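The exercises below ask for a careful reading of a single model, and each is followed by a solution worked in steps. Please inspect the sequence and the coordinates before turning to the solutions.

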Amino acid sequence: MDHFDWKQLFNPEFYILLEVGGIKIGLYVVLFIVFAETGLLAGFFLPGDSLLFLCGIYSELLMRDFSTGSDFINVTLLAFMVAVMGIIGNMFGYWFGKKSGSYLYKREDSLFFKKKYLYQSKEFFDKYGSRAVVFARFLPIVRTFAPVIAGIVEMDRKKFMFYNILGSILWSVTMIFAGHYLYELFKVQFNIDLKHYIEYIVIGIVLVTTVPVIMKFVRKRK
């Protein structure tokens, strides 16, 4: 923290390794970020997918204070905690959408809010219906506004909760387990430590998750 650079805010490793007064708070910061992505409508600039993938790589460090002695159980517990925060965040987003109604469509753009993302998420929701709550979990920006849209269109609460729980569990388990076991695979089979290639991993995940979305909207505009 002595040489803080604002660019670090876009680096998921920064949050995972964060310390305050010598106390590692990475796990709590990660859980808050997962909640904030949808609960506080702050997801369009937070490193969601890459953050979870790196959580899998750094699972031993993150779960140090909650270790059960079993590697598999530790990773599963981490994925469970992330899923719970994702579920709660979506619930806040749904509640806000239901209460705010058309307020967001009238709100002016700001540093932390872009109206175009709201319209893009609405198009995505219209196309996939209830399943959009699940699919959106794997798409940056869209996952921030999908639960809000669900609330605005007054999607049935029980149906929303079903897809909310399903999507959050699939997202957390897929990303965290992939990070953890790919890290082990590369280290054991190829003697490659993925921690030395974090920047490339982050760039790769960002490209995989965002390029298809961007291309889709570009084609639609044309």
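Three exercises follow, on cores, a helix with its loops, and a surface patch.

The model is predicted, so that local features need pLDDT of at least 70 and side-chain atom pairs count only at pLDDT 80 or more, while totals for chains, interfaces and linings use all residues. Residues are numbered from 1 along each chain as its sequence is written, and side-chain values use heavy atoms, with hydrogens and water left out.

**Exercise 1.** Determine which residues touch the most other members of the largest nonpolar core, and list the contacts of Leu-78.

*Solution.* Begin with the criterion: a nonpolar core is a set of buried Ala, Val, Leu, Ile, Met, Phe, Trp, Tyr and Cys residues joined through side-chain atoms within 4.5 Å, where buried means under 20% relative accessible area, exposed over 50%, and partly exposed in between (1.4 Å probe, protein chains only). The largest core has 34 residues, of which Ile-16, Cys-55, Ile-57, Leu-78 and Ile-176 touch the most other members. Two or more residues come from each of several elements, including helix H1 (12–16), helix H5 (71–100) and H10; helices are DSSP runs of H or I with at least four residues, numbered from the N terminus. Next, with neighbours within four places in sequence set aside, Leu-78 is in contact with Leu-27, Cys-55, Ser-59, Leu-62, Met-63 and Ile-176, contact being heavy atoms within 4.5 Å.

**Exercise 2.** Establish how many residues of helix H9 are buried, and examine the phi angles of Glu-154 and Asn-191.

*Solution.* Helix H9 spans residues 142–152, and 10 of its 11 residues are buried, among them Arg-143, Phe-145 and Pro-147. Glu-154, in the loop between H9 and H10, has a positive phi of about 55° although it is not a glycine, and its relative accessible area of 57% makes this residue exposed. Asn-191, in the loop between H10 and H11, likewise has a positive phi of about 55° without being a glycine, and is exposed at 69% relative accessible area. For background, most residues other than glycine have a negative phi.

**Exercise 3.** Identify the residues that make the nonpolar surface patch of about 290 Å², and locate Tyr-181.

*Solution.* The patch is made by Phe-72, Ile-73 and Tyr-181; patch residues have over 30% relative accessible area and no salt bridge, with like charges joined within 9 Å and nonpolar side chains (Val, Leu, Ile, Met, Phe, Trp, Tyr) within 5 Å. A salt bridge is a side-chain nitrogen of Lys or Arg within 4 Å of a carboxyl oxygen of Asp or Glu, and accessible areas come from the Shrake-Rupley method with a 1.4 Å probe, only the protein chains shown counting as cover for residues. Tyr-181 is found in helix H10 (residues 157–190) and is partly exposed, with a relative accessible area of 32%.
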